[in-house]
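This report describes the pockets, cores and charged pairs of one protein structure. Please keep the sequence and the 3D view open while reading.

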Amino acid sequence: MRELTFLEAIREAQEQEMARDPRVFILGEDVSFNVYGSTGGLAERFGLERVRDTPISEAGFTGVAIGAALVGMRPIVDFTIASFMYLAMDQLVSMAAKTAYMYGGQAHVPAVFRAALFYNGGLAAQHSDRNYAMFMQVPGLRIAVPSTPHDAKGLLKTAVRDDDPVLMFEDGALWGSRGEVPQDDYLIPFGQAAVRREGSDLTVVAIGSRVREALTAADTLAREGISLEVIDPRTLVPLDCPTILASVAKTGRALVVDVGHKSCGVASEILATIAEDGFWSLRAPLRRLTAPDMQIPFSPALEKGFYPDAAQIVDAARRLLQE
Amino acid sequence: MSTPDPATQLEMYRRMLRIRRFDETVKTLFGRGRIPGSVHLSIGQEAEVVGACMALRTDDTMVGNHRSHGHPIGKGAALGPLLAEILGKATGVNGGKGGSMHLADFSVGSLGESSIVGSGLPVAVGAALGAKMQGSDRVCLCFFGDGASNEGYFHEALNMASAWQVPVVFLCENNGYGVTTAFSSISRVPDVAARAAAYGIPGQIVDGQDALAVHAAVAQAVQGARDGAGPSLIEAKTYRYPHHSEGPLYDAIAYRDASELAAWQARDPLPLFARHLEDTGIADTATLTSIEHAITAEVAAALEFAEQSPWPDPAEAHRGLYRTPIAGFDHA
């Protein structure tokens, strides 16, 4: 099968959805010139009405997307960098997430908000946020964090067709990665985790690019006879708790790996779920590997080691198996 | 711009009176502790609300704000479900999930009211942009206050609407105060309308107590927007007689003079419009009296409907977050 990069898969998903449904359009900064690589050729094919460059007005164009969605359009907003979502926080929280509920179901907001995560690149504190966990605190949003080009395409297509607001976080560490992506139209349902590798000794739940690190760690440990099961939730809201709990019931141990912060994070949430509903199958303490609760420094010498990698997963797994 | 025909003018009067009596009823109910949360009344502002709303077609859209009971009424919404919503009843327009600050009646094009000041401005731009992209000639009317004109939203929305020539009419209901802060004390520019120049769109000031003046200005702006001329900004100079919201909070604060209130009440939009209808022979005293009685009965019926309506099923609180429910959030 042909291979695409993560970015090409996103581009293809958008192109196919725009071709399928005239209500779909893209809104964001510098999208017509494809500065960030996910909109190549779309302005040429669909025109500047549907591939619409916005002023630098994050709150404003987020509100525009919501208003357009209220009258039946299906906008895809490109935030380019997830850190810029803070400028639109009020629209995302007060409007996108609350409209359907607050207006008693008279309307829904079928808008997609794409946000790239550019940590680990010397962009310092204001451009390196990995902020999906913040939005898990906001009922009314769906949240996807794909880990492969295949899933990026399938999840984005599902997001576009969803009647509720979806935030899709694209891990910058994966943008250049390649993988098999079918050309045809396929959807990946939300709330269905992927078991990336089956194993018997330890469940590793990994988010976004950390799935790759977990698989590398699993290869290393397999040579020592240690068997990791690697689970990729793919969507954080809805979160596929049954698959995670079934895995922990089998292995008796769980480790969550995430590049987000530790406190009140994705890992905390997943581990809390396991503690509540999977406690009696546990044979060892629950562990999480995350970025520290620290802002992101500029110098590569300082940022080094902030994000859990395969080596840390290997260490944590070995320790857990001794406990 | 032609003056609306006599039947339309009578309907304008009915809607103004409906808003006045509705909000007076809400005030009474709130005083009796019958309404949860807070209420923000627009008594005194009826002329600009109705003048603007009646310049729209039913299929045109609009967005409101926290002081928005009058907006759907001006657009022709039924009173019962609005009042039921304010009381938190199951029959309310939002099923009891929105309340006073978030009335939405999509059946008359009211896309909802946001109580975060200014946040409806870009949403209105989006609704208008959506209509334009759909090839429809629907226009969106965006109500906001003088307070919202100092939010970043105002500037982002006007700039985008102008850059894209979106069919939206921005209507600033300038009642002089953001809570207790006078607009004149926090802006060196005396008129919000002047800010239109910064975005290359028409800006004008109208007498907000004169329903016909507002109607004429908005009708012209709506027609322009329909014809592809893009957005415009209209500032209606008006006044709210009540404080920012009901309750004792503001009574003891001397943020405005009694003489100022009296001066505005001397030009109360209702008697002003009633006199106009009589002077032009559109209605005689008997007609106006019968309208008064009809509206009183209508509001009483709405109150009866709202009061007799059931409370929402408590389980409803856990429904409706998503169109496709998610376990743990929604109970399908």
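In this predicted model, 32 residues line the second largest pocket, and B:His66, B:Val117, B:Gly145, B:Gly147 and B:Ala148 are the ones nearest its centre. The volume of this pocket is about 410 Å³. Several elements of chain B each give at least two residues to the lining: strand 1 (61-64), helix 5 (120-133), strand 3 (140-145), strand 5 (177-178) and helix 7 (183-186). Strand 3 of chain B has the largest share, with four residues. Sorted by class, the lining of the second largest pocket holds 12 nonpolar, 16 polar and four charged residues.

Closed spaces are a separate topic. Rolling a probe the size of a water molecule over the atoms shows where empty space is left. The structure has three cavities of 30 Å³ or more, and the largest cavity encloses about 50 Å³. Residues from both chains line the largest cavity: A:Leu70, A:Met95, A:Thr99 and A:Tyr103 together with B:Val63, B:Gly64, B:Leu111, B:Gly112, B:Glu113, B:Ser114, B:Gly120 and B:Val123. In chain B, strand 1, strand 2 (110-113) and helix 5 each supply at least two of the lining residues. The largest share, three residues, belongs to strand 2 of chain B. By class, six residues of this lining are nonpolar, five are polar and one is charged.

Next come the nonpolar cores. Which residues of the largest nonpolar core touch the most other members? They are A:Phe113, A:Tyr132, A:Ile143, A:Phe169 and B:Phe170, in a core of 93 residues. Helix 3 (residues 58-70) of chain A contributes the largest share of this core, eight residues. Apart from its neighbours within four places in sequence, A:Tyr132 is in contact with A:Leu117, A:Ile143, A:Val145, A:Phe169, A:Ile207, A:Leu236, A:Asp258, A:Val259, A:Gly260 and A:Val266. There is also a second, separate core of 68 residues, and B:Ile19, B:Phe30, B:Ala47 and B:Tyr255 are among its members.

Charged side chains can be looked at in pairs. Side chains of opposite charge can pair when their charged atoms come close. Over all chains, the whole structure has 44 salt bridges. The table gives three of these pairs.

| Residue | Partner | Closest N to O distance |
|---|---|---|
| A:Arg142 | A:Asp162 | 3.1 Å |
| B:Arg20 | B:Asp268 | 3.0 Å |
| B:Arg21 | B:Glu24 | 3.0 Å |

A:Asp162 and A:Arg142 form a salt bridge. This pair links distant parts of the chain, 20 residues apart: A:Asp162 is in the loop between helix 7 (149-161) and strand 7 (166-171) of chain A, and A:Arg142 is in strand 6 (residues 142-144) of chain A. Are A:Asp162 and A:Arg142 buried or exposed? Both are buried.

A salt bridge also joins B:Arg20 and B:Asp268. These two residues are 248 residues apart and link distant parts of the chain, with B:Arg20 in helix 1 (residues 6-31) of chain B and B:Asp268 in the loop between helix 9 (258-265) and helix 10 (269-279) of chain B. B:Arg20 and B:Asp268 are buried.

In the salt bridge of B:Arg21 with B:Glu24, the partners lie about one helical turn apart, because they are three residues apart in helix 1 of chain B. B:Arg21 has 22% relative accessibility, so it counts as partly exposed. B:Glu24 is partly exposed too, with a relative accessible area of 30%.

Salt bridges can also join into a network, as they do for A:Glu17, A:Arg20, A:Lys157, A:Arg161 and A:Asp185.

The last topic is the backbone. Most residues other than glycine have a negative phi, and most peptide bonds are trans. The peptide bond from A:Val237 to A:Pro238 is cis, with omega near -5 degrees. A:Pro238 belongs to the loop between strand 12 (235-237) and helix 9 (241-251) of chain A.

A:Asn34 has a positive phi, near 55 degrees. A:Asn34 sits in the loop between strand 2 (24-28) and helix 2 (42-46) of chain A and is partly exposed, at a relative accessible area of 24%. B:Gln165 has a positive phi as well, near 50 degrees. The loop that holds B:Gln165 runs between helix 6 (152-164) and strand 4 (168-174) of chain B. With a relative accessible area of 33%, B:Gln165 is partly exposed.

Methods: Residues are numbered from 1 along each chain as its sequence is written. Chains are lettered from A and ligands numbered from 1 in the order in which they are written. This is a predicted model: local features need pLDDT of at least 70, side-chain atom pairs count only at pLDDT 80 or more; totals for chains, interfaces and linings use all residues. Side-chain values use heavy atoms; hydrogens and water are left out. A salt bridge is a side-chain nitrogen of Lys or Arg within 4 Å of a carboxyl oxygen of Asp or Glu. Buried means under 20% relative accessible area, exposed over 50%, partly exposed in between (1.4 Å probe, protein chains only). On a 1 Å grid over the protein atoms alone, a cavity is a set of points where a 1.4 Å probe fits but cannot get out, and a pocket is an open set with protein on both sides within 12 Å along at least five of seven lines; lining residues have an atom within 4 Å of a point. Grid points are joined across faces, edges and corners, and a volume is the space filled by probe spheres set on the points. Ala, Val, Leu, Ile, Met, Phe, Trp, Tyr, Cys and Pro count as nonpolar, Asp, Glu, Lys and Arg as charged, and the others, Gly among them, as polar. A nonpolar core is a set of buried Ala, Val, Leu, Ile, Met, Phe, Trp, Tyr and Cys residues joined through side-chain atoms within 4.5 Å. Contact means heavy atoms within 4.5 Å.
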